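This report describes how the parts of a protein model are arranged. Please examine the sequence and the structure shown below before reading on.

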Amino acid sequence: MKLLKDLWDIFVIEVRRVLHDKGVVLIFFIATLIYPLIFGAIYKNEMVRNVPVAVVDESRSEASRRFIHKLDATPEMNVMYHCTTMAEARRLMQQRRINGIVLFPHDYGYRLASKETARVCLFCDMSSFLYYRSVLSGASAVLVDEMEQVQLERYALAGITGEGADDLVQPIPYDDVKLYSPAGGFTSFLVPALLVLVIHQTLFLGIGILFGTTREERQTMRVIPPHLRNEGRPRVVMGRALAYMCLYLPVVAVDLVLMPRLFGLPHIGSLGTLCLFLLPFMLATTFFCMTICSYVRERDTGIVTCIFFSVVLLFLSGAVWPACNMPRFWRIFSYLFPSTHGIQGYIRINTMGATLQQVKFEYLMLWLQTALYFATSCLCLRAAKKLRIG
Amino acid sequence: MKAFYSSLRRELHRIRYEGQSRYLILTTLGVVFCYVFFLTLMEEGQPQRLPIAIVDEDGSYLSRRLCHEINATQGVRVVAVYGSHAEARRAMQRQEIYAFLEIPEGTYDELLSFTRPHIVLYSNNAYLLSGALSYRSLATISKLASGAVEREVLRKKGYGERQIMGLIQPIELDSHLISNPTANYQPYVLTTMLPGMLGLMVLLLTVYMVGKERKSGTLAEWLGQQPYAALLGKMAPYTLWFAVLGVVGNMVLFGWCHFELHGSFGWVVLFTLLLVLAMQATGVFLAGMIAEPHLATCFAAIYGTLAFTMAGFSYPVSSMPPALQALSQLFPLRHYYKAVSGVSLFGCGMDICWVQVCGLLLFWIAGVIGLWRLVSDVRIKK
C-alpha cells in the first residue's frame, strides 16, 4: 500500500510540474501535434510529378517527335522547352528552370531507319535525387514502350509477326509488385519514421526542460517528498515514468495510430501488436531520457542536445540508410537509442504488418534497454543528490 | 566604432572568464561530430550488396543461373533461396531481405517450349532507398535474361551479331547524371546538410546568448547608446569562428572528399559566410520577438529542424503545396542549398546566384527588427 501511495504522490507532483511549465506543455502537447501535421502537409503530394525538362532534338525525325510526345504524356515529366542547342538547355538547367535534358543526336532517326541501335541521351539534375528518380523512370518507361514498337516493326520486316514476335521481344516477361507502398511515395516511407522520432525527441526535450529547470533553480531534491530522498529512488523514478507515460498516452495514440489513418499512410499492422510493441518503447524512451537528462545542467542545454541528435538519430535508425550498410561501429552505437528499435519496429509492424515474433530482436532490445535505463536513471538520481550535497 | 570595440571586448571577456566558451566548444564538437558521423556512415556512397532472396519453385538450371548472375552484380546479393512465397514474405517482414525474385514452377520448361513464363519481382517499398535500389538491380537482371534468350534464338535463326543488336536493343538510353555519375549519396546529402547543422548550431547559440542577456537583465548594459555597434561587437567573435568552421567544413567536402565542384570555391565560401550571418540575424529576430528566453529557444529548435525539410534537397520544394513553397523562402538553408548546388553541380556564377545572395542578405532585416524590439524592451524597463 505504501508503495502505491508513494507512486501516487510522485505521480501527482510530476504531472503538476509538467502542466505548470509552459515550455513543456508546448513541447508535449503542441509540438507533438504540429510536427506530424506539418510533415503531412509538406509531403502531401507523395511523389515528384511533372518535372520540367527541356528537349534538344537534333535529329528532327518522326521517331524523335513521337518519343517527345510520349515523354510529355508521362506523369513524371513535363516537356517545357524545346531547345535548338545543348548550350541553351544547359543555361536553362543552370537557371534551375528545368531538372532534366533529353537529347536526340542528329543520327537518331537515321539509325532507327537503318535498323541500327539509336541513342537517346538523358541529363539528370542531381541536386535532388527525387528529380533524378522521376526523370529516369519517366524516360525508361517511354524507352521500353518505344523499343517494343520498333522491335515489332523490325521483326515484321524480317518476316516474324504475331505471337512469334511477341515471344521474341520479351521471352521472360516479369511482373513487379511493390510491397507495402505500391506507389513508392515519399510520405509513406519517411513520415512513419518521423512520427516515432517526434515522440522520442519531444519526450527527451520535455524531460530535459523539466530536469534542467529544477537543476538550474537548485530544486532537484526539493521536488521529491522527504521520506523518499534516500531510499525510495526506484519509486521516484517509477512514479515519474508513470506520470510521463500517462501524459503521453493520448499523444502516442494520436501520432502513431491516428495520424497514419488521417494521412492515408499504410497501416496494415494489428493494433494489438502495435500496443504491445509500443509499451517497452515508451518505457525505454522514458528511462533513457531520464538518464541522459540528469546530466542536463540548464534548460537550454537539453534543447540543443536534443535538436542536434534528431537528424543523427534519423540516419542511425536505418529507415533512410539501410542498417546492413552502416559501418559496424555506428550500427552498435545505434543500438543504444530506443529510437532505432522503435522506428524499425514501428515501420515493420504498422507499414509491413509484421507480427511480434518478426520484430523479436527489436522487442527484446527495447525490454533490455528498459531494464538498463531504469537502473541508470536510479543511479543518476543518486548522483544528482550527491552533487547537490557536495 | 568605440561602442563596437567595447561590446567586442565585453564578449571576449565573457567567453574567456565567464564560461561562455563552454557553449562554443560544445557546438564546435557537435559540428565536428556531424562531419565525422555522416562521412563515415555513408562511406559506400550508394548502398551496395543489399540482401535479397530468390523463391525457387522451379529448381532448374535457369533459376540457378539467375542466382549466379544476380550475385555477380554490385547492387544486391542473394542471401537465401526459399521454397515458397510465404517464407520469403516472412523474411521480408523480419527485414532480412529487401526484395525477392519468384521463379514459378515450370519456368524453364515453358521457356524451352516458348510459352513465355512469367517471373515476379517483389520489392519492399517501406524502405524507399533500399527497396528501389534492389528492385532496379533485379529488373536489370530480368531484362538481361530476356535479352540473352532473344539473342540465342536469333543466333540459331542465322542472324549476324550486328543485326541481332539492332533487333534486341533498337534504342539505348545514355543517362548522364550531372556532376554525380555514380549517384553517390554523400555529395547529394552532405553538401547541404552539414552546413545546415552548422547553421542550426549558430541559430541556437545566438538565441541562447541574447536570451541570457535578457534573463540576467544586462540588455541595457550591452546595447548602450549604439545598439547596432553593440550587436555587431557581440556577434563578431562567433561570426568569425563559425565562418572559419564552415569554410574548413567545405574544404573537407570539396577538397579532401573530392566532391564535384564546377564553380568557384570562392562563391561557396561567400555563401557559407552569408549563411552564418543570416542564421545569426534570424536568431536575434527570434530572441528579440519572443520575450521569454526559454520559449524562444524552443521556437528556434522547431524552426531550425524544419529547415532541413524546407531546404528541399530531400523532397523538392516544387512538389510541396504552394503555401509551403512560399514559406520555404523564410529558411536561409533553402537559399544556401539552391546557391551551392548551383555552383557545385552546374558551375553557376554570380550572374545566376545573385538572387540567393539577396535572399540571404534580406534576413538581416529580420535581425534589425529583432534588435529594435530589444531596444524598445530596454526603454520600457527604464
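Which strands of chain A does helix H3 (residues 62–73) of chain A lie across? The model considered here is a predicted one. In it, helix H3 of chain A lies across S1, S2 and strand S3 (100–104) of chain A. The helix runs at about 140° to S2(A).

## A sheet built from two chains

The strands just named belong to an open sheet of 5 strands with mixed pairing. Its order is S2(A)-S1(A)-S3(A)-S4(A)-S5(B), and the last strand in this order comes from chain B. Strand S2 (77–83) of chain A and S5 of chain B stand at the edges; each has a single partner strand, so one side of each lacks a neighbour in the sheet. On average, and with direction ignored, neighbouring strands are turned by 25° against each other.

Two pairings may be followed in detail. Strand S1 (residues 51–57) of chain A pairs with S2(A) in the parallel sense over 6 bridges, and A:Ala54 stands opposite A:Tyr81 in S2(A). Strand S4 (residues 118–124) of chain A pairs with strand S5 (residues 171–177) of chain B, also in the parallel sense, over 7 bridges. Here A:Cys121 has B:Asp174 in S5(B) as its bridge partner.

## Contact between the chains

The pairing of S4(A) with S5(B) joins strands of two chains. How many residues of each chain are in contact with the other? The contact involves 89 residues of chain A and 86 residues of chain B. Helix H6 (residues 129–157) of chain A gives the most to the side of chain A that touches chain B, namely 14 residues. That side of chain A divides into 55 nonpolar, 18 polar and 16 charged residues.

## Helix H6 of chain A

Helix H6(A) also packs on the sheet, where it touches S1, S2, S3 and S4 of chain A together with S5 of chain B. The direction of H6(A) makes about 170° with that of S5(B).

A further neighbour of H6(A) is helix H7 (residues 162–169) of chain A, with the axes 10 Å apart and an angle of about 130°. Angles over 145 degrees would count as roughly antiparallel and those of 65 to 115 as roughly perpendicular, so H6(A) is oblique to H7(A). The crossing is right-handed. From H6(A), the contact uses A:Glu148, A:Gln151, A:Leu152, A:Tyr155 and A:Ala156, while H7(A) supplies A:Ala165, A:Leu168 and A:Val169. These residues divide into 6 nonpolar, 1 polar and 1 charged.

## Helices H8 and H10 of chain A

Helix H8 (residues 186–216) and helix H10 (residues 271–293) of chain A pack at about 40°, and their axes are 9 Å apart. This angle makes H8(A) oblique to H10(A). H8(A) passes H10(A) in a right-handed crossing.

On the H8(A) side stand A:His200, A:Leu203, A:Phe204, A:Ile207, A:Gly208 and A:Phe211; they meet A:Thr285, A:Thr286, A:Cys289, A:Met290 and A:Cys293 in H10(A). The contact contains 7 nonpolar and 4 polar residues, and no charged ones.

## Domains

The domain assignment divides chain A into domain 1 (2–44 + 185–389) and domain 2 (51–169). The C-alpha centres of these two domains of chain A lie 50 Å apart.

For chain B, the assignment gives domain 1 (2–43 + 184–381) and domain 2 (50–168). Domain 1 and domain 2 of chain B have C-alpha centres that lie 50 Å apart.

Methods: Residues are numbered from 1 along each chain as its sequence is written. Chains are lettered from A and ligands numbered from 1 in the order in which they are written. This is a predicted model: local features need pLDDT of at least 70, side-chain atom pairs count only at pLDDT 80 or more; totals for chains, interfaces and linings use all residues. Two residues are in contact if their C-beta atoms, placed from the backbone, lie within 7 Å. Helices (H or I, at least four residues) and strands (E, at least two) are DSSP runs, numbered from the N terminus. Ala, Val, Leu, Ile, Met, Phe, Trp, Tyr, Cys and Pro count as nonpolar, Asp, Glu, Lys and Arg as charged, and the others, Gly among them, as polar. Two strands pair if DSSP finds at least two bridges between them. Domain bounds come from an automatic or database domain assignment. Axes are lines fitted to C-alpha atoms, for helices over the stretch in contact, and angles run from 0 to 180 degrees between N-to-C directions. Angles under 35 degrees count as roughly parallel, over 145 as roughly antiparallel, 65 to 115 as roughly perpendicular and the rest as oblique. A crossing is left-handed if the near helix is turned anticlockwise from the far one by less than a right angle, and right-handed if clockwise.
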